[in-house]
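Reader: Please take me through the labels used for this model. I want each one set against its cut-off.

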Amino acid sequence: MTLGSAVAKKLESAGENLTAIRQNAIAAPFVLLAGVFEPGELPDTPDWFTPVPDVSGTQLGRAAAIAAHAFLGLETVSYGSENSGELFVSLTAIPGEGKFARKSQGGLRGHTDAVSFPFNGDSDASNARIAPSPDLVTLVGLRNPNEVPTTVMVLDEALAKLSPEDVHELKQGQFSIGSQTTFLEGMQDILGDVHVAVDEPVLKDAAIGTMVRFSHTNVSATEPGGAAETAAENFAKACGEIAKPVAIEPGDVLLVNNRLCLHGRAEVGGDIGGHSRWLLRTYALNTAQLDNSRRHLGDRPAHVLYP
């Protein structure tokens, strides 16, 4: 809250309308905050998600993200089932031939994060403790020597390419939504199984507009071969057609609305360590109505959500 107040005072002293800024940022599919911190000296790019090296460059980047979240009235959060609940993780190319290495070096198609978790304000049908997916996915630029773009897919633009029939199908509770790769091991440890949300919609109408939870690889029609499967295929195609590249430069913070925008990435390549591409990622959530049962608590920090 202290960082958020500092941002508010700075903007207010410059004559800015704080209410309008907050409203516009919350309603935007994505916001690029360009050059809002100075990375300074950094060690070699790490080759795994955690730990994030604790140096001035990463400290300033983390502070910038937390300040932006606090200014918007959001809490910076993590999930106990992903990377042991670390609040920030490094997004870099990982060496080797395993699934994490392949995904880290390749491109990523459009998706929302923590896709199997419910929308904020909803409950999971199988386990009421499961916290909502994040409202924001926040990416912090430390290095990007080859200007590899993050891709953003604005939901409204994708829906404009679909037929009314496809949109109707995507709003029905007829899709199975599985956990993304980075959550799988933690899910097994905490829940004893991989979380799958069954017979859920991909789209939901809400006060902010139509919201989305989707992943090319983790969302499928519960009953294959029908109109729901066709609608999901058409939606995936539309997302690819309207994808916009955003190269996150050192010192930038990209806020992606996890309800109104999908995100992905162009191919990173095999440069490992050294001065290769390095982003930090964290999440933000409006926790004003979040019950404490949906946090881990106990010996975990309060920001670690369940599972």
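Author: What follows takes aromatic pairs, burial, a helix, cores, charges over rings and salt bridges in turn. This is a predicted model, where local features need pLDDT of at least 70, side-chain atom pairs count only at pLDDT 80 or more, and totals for chains, interfaces and linings use all residues. Residues are numbered from 1 along each chain as its sequence is written, and side-chain values use heavy atoms, with hydrogens and water left out.

Reader: How many aromatic pairs does a search of the whole structure find?

Author: Eight. Rings of Phe, Tyr and Trp (its six-membered ring) pair if their centres lie within 6.5 Å; planes under 30 degrees apart count as stacked, over 60 as edge-to-face and the rest as tilted.

Reader: What makes tyrosine 79 and phenylalanine 117 a tilted pair?

Author: Their centres are 5.3 Å apart and their planes meet at 50°. The distance is within 6.5 Å, and the angle is neither under 30 nor over 60, so the pair is tilted.

Reader: Why is this pair said to tie together parts of the chain?

Author: Tyrosine 79 lies in strand S2 (residues 75–79), while phenylalanine 117 is in the loop between strand S4 (108–111) and strand S5 (136–143), so the pair joins parts 38 residues apart in sequence. Helices (H or I, at least four residues) and strands (E, at least two) are DSSP runs, numbered from the N terminus. Ring pairs also link Tyr79, Phe117, Phe183 and Tyr283 into a cluster.

Reader: Why are phenylalanine 214 and phenylalanine 235 called edge-to-face?

Author: The angle between the planes is 80°, with 5.0 Å centre to centre. That angle is over 60, so the pair is edge-to-face. Phenylalanine 214 is in the loop between strand S10 (209–212) and strand S11 (219–221), and phenylalanine 235 is in helix H8 (residues 227–242).

Reader: How do you know that arginine 62 is buried?

Author: Buried means under 20% relative accessible area, exposed over 50%, partly exposed in between (1.4 Å probe, protein chains only). Arginine 62 has 19%, so it is buried. Its contacts (heavy atoms within 4.5 Å), not counting residues up to four places away in sequence, include Phe88 and Leu280.

Reader: And why is serine 56 only called partly exposed?

Author: Serine 56 has a relative accessible area of 42%. That lies between 20% and 50%, so it is partly exposed. Serine 56 and arginine 62 lie in helix H3.

Reader: What makes the span of H3 close to that expected?

Author: The expected span is 1.5 Å times one less than the number of residues. H3 (residues 56–71) has 16 residues and reaches 22 Å from its first C-alpha to its last, close to the expected 22 Å. Just after H3, glycine 73 takes a positive phi of about 80°.

Reader: What makes a set of residues a nonpolar core?

Author: A nonpolar core is a set of buried Ala, Val, Leu, Ile, Met, Phe, Trp, Tyr and Cys residues joined through side-chain atoms within 4.5 Å. The largest core has 26 residues, and Val202, Phe214 and Phe235 are among those that touch the most other members. H8 gives the most to this core, with eight residues. A second, separate core of 22 residues includes Leu18, Ala68, Phe71 and Phe88.

Reader: Why does arginine 129 count as sitting over the ring of tyrosine 306?

Author: A charge sits over a ring if NZ of Lys or CZ of Arg is within 6 Å of the ring centre and within 35 degrees of the ring normal. The charged end of arginine 129 is 3.8 Å from the ring centre of tyrosine 306. Arginine 213 lies over the face of phenylalanine 119, at 5.7 Å. Both distances are within 6 Å.

Reader: Why is lysine 161 with glutamate 241 called a salt bridge?

Author: A salt bridge is a side-chain nitrogen of Lys or Arg within 4 Å of a carboxyl oxygen of Asp or Glu. Here the closest N and O atoms are 3.6 Å apart, so the pair qualifies. Lysine 161 lies in the loop between H5 and H6 and glutamate 241 in helix H8, so the pair ties together parts 80 residues apart in sequence. The structure holds nine salt bridges.

Reader: How do you know that lysine 171 and aspartate 205 form one?

Author: Their closest N and O atoms are 3.0 Å apart, within 4 Å. Lysine 171 is partly exposed at 30%, and aspartate 205 is partly exposed at 48%.

Reader: Is arginine 213, which meets glutamate 200 in a salt bridge, buried or exposed?

Author: Buried: arginine 213 has 5% relative accessibility, under 20%. Its salt bridge with glutamate 200 is 3.6 Å, N to O.
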